[in-house]
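Here are my notes on the model you sent round. Please read them with the coordinates open.

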Amino acid sequence: MPEKKKSLFERIFGKADTAEGEQLGSPMSGELIALDQVADPVFSGKVLGDGVAIRPAEGKVLSPVDGQVVNLPDTGHAVCISSAGGADILIHVGRDTVELKGEHFSPQVKEGDTVKRGQLLLEFDREALLAAGYDLDTP
C-alpha cells in the first residue's frame, strides 16, 4: 500500500492532525468562506490541509480551542495552535500580510503560552489593511 502523502503542516511540525471529530470554535467574527475560494493557492489547494476561511468583520483573532501556541511569527500575521485534543490549527490573517513585517498586527500571546477557547490571540487593524489593498480572507 502506498504511503499517505504528508501535508506541509505535518512536514513542518513533524506530526499529523490526530483530532478527528474535535469541535472548534470560530477564531473570528465574519463571513464563512470555503477554503477552495481563497485567493492564495497554498490554502485553496489544501497544501496545509483542509479547513475553512473567514472574511473578518473585525480585527480580532480568538483561540478556537484549548491548547498551546506552537508558532507565532514575529510578523504577528499568523498563529499555530496545538489543541488539547491533538489538532494542529493554523490561522493566517489575509494574503501576503507577512510583507508588512508586523505593521498593523498586535499579538496578545507568545509561543509556548497555554490558551483557552475564546481567548484573544492577536489583534490587527482591519481598516488599515483594507486601505492598503490587502485581501483579508483568513484561512
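**Notes on the predicted model**

1. Start with one residue pair in the sheet. Gln 68 has Ser 82 of β5 as its bridge partner. This is a predicted model, so read each point below with that in mind. The strand β4 covers residues 67–71, and four bridges join β4 to β5. The two strands run antiparallel. Another pair across this seam is Val 69 with Ile 81 of β5.

2. The turn comes next. β4 and β5 make a hairpin, with six residues between the strands. Gly 76 sits in that turn and has a positive phi of about 70 degrees. Gly 76 is also one of the residues in contact with Leu 122.

3. On the other side of the seam, β5 pairs with β6. Five bridges hold this antiparallel pairing. Ile 81 faces Ile 89 of β6, and Val 79 faces Ile 91 of β6. These two strands also form a hairpin, here with four residues between them. Its turn contains Gly 86, whose phi is positive at about 105 degrees.

4. β4 has a further partner in β8, residues 114–115. Two bridges link β4 and β8, again in the antiparallel sense. Gly 67 is matched with Val 115 in β8. Put together, the four strands give an open sheet in the order β6-β5-β4-β8, with antiparallel pairing. Which strands stand at the edges? They are β6 and β8; each has a single partner strand, so one side of each has no neighbour in the sheet.

5. How many residues of β5 are buried? Six of its six are, so the strand counts as mostly covered under the cut-off of 20% relative accessible area. Ala 78, Cys 80 and Ser 82 point one way from β5. Val 79, Ile 81 and Ser 83 point the other way. Both sets are buried.

6. Now the packing. The largest nonpolar core has 22 residues. Val 61, Val 79, Phe 105, Leu 121, Leu 122, Phe 124 and Leu 129 touch the most other members. β5, β6 and β9 (120–124) each give two or more residues to this core. β9 gives the largest share, three residues. Apart from this core lies another of five residues, including Ile 33, Leu 35, Val 38 and Ala 53.

7. Leu 122 deserves a look of its own. Leaving aside neighbours within four places in sequence, its contacts include Val 61, Val 79 and Phe 105. Leu 72, Ala 78 and Val 93 are also among them. So are Ser 106, Pro 107 and Gln 108.

8. Check Thr 97 too. Thr 97 lies in the loop between β6 (88–92) and β7 (105–107). Is this residue buried or exposed? Thr 97 has a relative accessible area of 0%, and therefore counts as buried, the cut-off being under 20%. Its side chain reaches the backbone oxygen of Val 93 at 2.6 Å. Not counting residues up to four places away in sequence, Thr 97 touches His 77, His 92, Phe 105 and Tyr 134.

9. Two lysines merit a backbone check. Most residues other than glycine have a negative phi. Lys 46 has a positive phi of about 60 degrees, and Lys 101 has one of about 55 degrees. Lys 46 is in the loop between α2 (41–44) and β2 (52–56). Lys 101 is in the loop between β6 and β7. Lys 46 is partly exposed, at 40% relative accessibility. Lys 101 is exposed, with a relative accessible area of 72%.

10. Look also at the loop between β8 and β9, where Gly 118 is found. Gly 118 is partly exposed at 43% relative accessibility. Gly 118 and Ser 63 are 55 residues apart in sequence, yet 5.1 Å apart in space, C-alpha to C-alpha. Leaving aside neighbours within four places in sequence, Gly 118 is in contact with Leu 62 and Ser 63.

11. Last, the voids. The count is one cavity of 30 Å³ or more. The largest cavity has a volume of about 40 Å³. Its lining includes Val 38, Ala 39, Asp 40 and Phe 43. Gly 94, Arg 95, Asp 135, Asp 137 and Pro 139 line the largest cavity as well. Val 38 is also a member of the five-residue core.

Conventions:
Residues are numbered from 1 along each chain as its sequence is written. This is a predicted model: local features need pLDDT of at least 70, side-chain atom pairs count only at pLDDT 80 or more; totals for chains, interfaces and linings use all residues. Side-chain values use heavy atoms; hydrogens and water are left out. Buried means under 20% relative accessible area, exposed over 50%, partly exposed in between (1.4 Å probe, protein chains only). A polar contact is a pair of N or O atoms within 3.5 Å; within protein, one must be able to donate a hydrogen and the other to accept it, and residues adjacent in sequence count only if both atoms are side-chain atoms. Contact means heavy atoms within 4.5 Å. A nonpolar core is a set of buried Ala, Val, Leu, Ile, Met, Phe, Trp, Tyr and Cys residues joined through side-chain atoms within 4.5 Å. Two strands pair if DSSP finds at least two bridges between them. On a 1 Å grid over the protein atoms alone, a cavity is a set of points where a 1.4 Å probe fits but cannot get out, and a pocket is an open set with protein on both sides within 12 Å along at least five of seven lines; lining residues have an atom within 4 Å of a point. Grid points are joined across faces, edges and corners, and a volume is the space filled by probe spheres set on the points.
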